Amino acid sequence: MTELTLFEKIVAREIPADIVFEDELCIAFRDIAPQAPLHVLLCPKVPLKMLSETVDGDGELLGHLFLTAPRVARLLGYNDGFRVVVNNGADAGQTVFHLHLHILAGRTFAWPPG
Ligand code: AMP
């Protein structure tokens, strides 16, 4: 049997998290090491590993995640002026191999990103 990902364990309530939103397809919880006043991770409940491994059949779920991101930001008081980041692969800084959108807000963000 394959080990559950960290974020599947959060979905299953096996480990605690500060959950701010949940529906049948996804869950959003506060990042344990926030990089901005608002830093939420939005994950599909199914364990997609990373964006580059998604396939055409994942389109509806990916669309749902991107539609949900602004709703979560709005729910937490940020109508605009938020950043959505997906780290894809270790070279891009991905450390948890369960696809997730970082939703960051509440400060000014530099460009290009570090
Ligand atoms: P990434 O580096 O893009 O894979 O993002 C993984 C994120 O998960 C990092 O920002 C971590 O701070 C965050 N993280 C790791 N463990 C937890 C946890 N138990 N609860 C909430 N966030 C976590």
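This passage describes the largest pocket of a predicted model and the ligand bound there.

The largest pocket has a volume of about 750 Å³. Its lining comprises 32 residues, and those closest to the centre are Asp-31, Gln-35, His-39, Asn-87 and His-102. Two or more lining residues come from each of helix 1 (6-11), strand 2 (26-30), strand 3 (38-44), strand 4 (82-85) and strand 5 (101-105). Helix 1 gives the largest share, three residues. By residue type, the lining of the largest pocket holds 18 nonpolar, nine polar and five charged residues.

Turning to the ligand, the space that it takes is this largest pocket. Here the elements that give two or more residues to the surrounding shell are helix 1 and strand 2. The shell around the ligand numbers 15 residues, with Asp-31, Asn-87, Gly-93, Thr-95 and His-102 the closest. Seven residues of this shell are nonpolar, six are polar and two are charged. Asp-31, Asn-87 and His-102 thus appear both among the residues closest to the pocket centre and among those closest to the ligand.

Oxygen atoms of the ligand take part in several short polar pairs. A polar atom in the side chain of Asp-31 lies 2.5 Å from a ligand oxygen. With Thr-95, the partner is a polar backbone atom, at 2.7 Å from an oxygen atom of the ligand. For His-102, an N or O atom of the side chain is found 2.8 Å from a ligand oxygen. On its own, the ligand has 500 Å² of accessible area, and the protein covers 83% of this.

Notes: Residues numbered from 1 in each chain as written. Predicted model: local features only at pLDDT ≥ 70, side-chain atom pairs only at ≥ 80, totals over all residues. Heavy atoms only, no water. 1 Å grid on protein atoms, 1.4 Å probe; cavity = no way out; pocket = protein on both sides within 12 Å on 5 of 7 lines; lining within 4 Å. Points joined across faces, edges and corners; volume = space filled by probe spheres on them. Helix = DSSP H or I, 4+ residues; strand = E, 2+ residues; numbered from the N terminus. Nonpolar A, V, L, I, M, F, W, Y, C, P; charged D, E, K, R; others polar. Near = heavy atom within 4 Å. Polar contact = N/O pair within 3.5 Å; in protein donor to acceptor, adjacent residues only side chain to side chain. Areas by Shrake-Rupley, 256 points an atom, 1.4 Å probe, with all protein chains shown as cover. Sits in = over half its atoms within 2 Å of the grid points.
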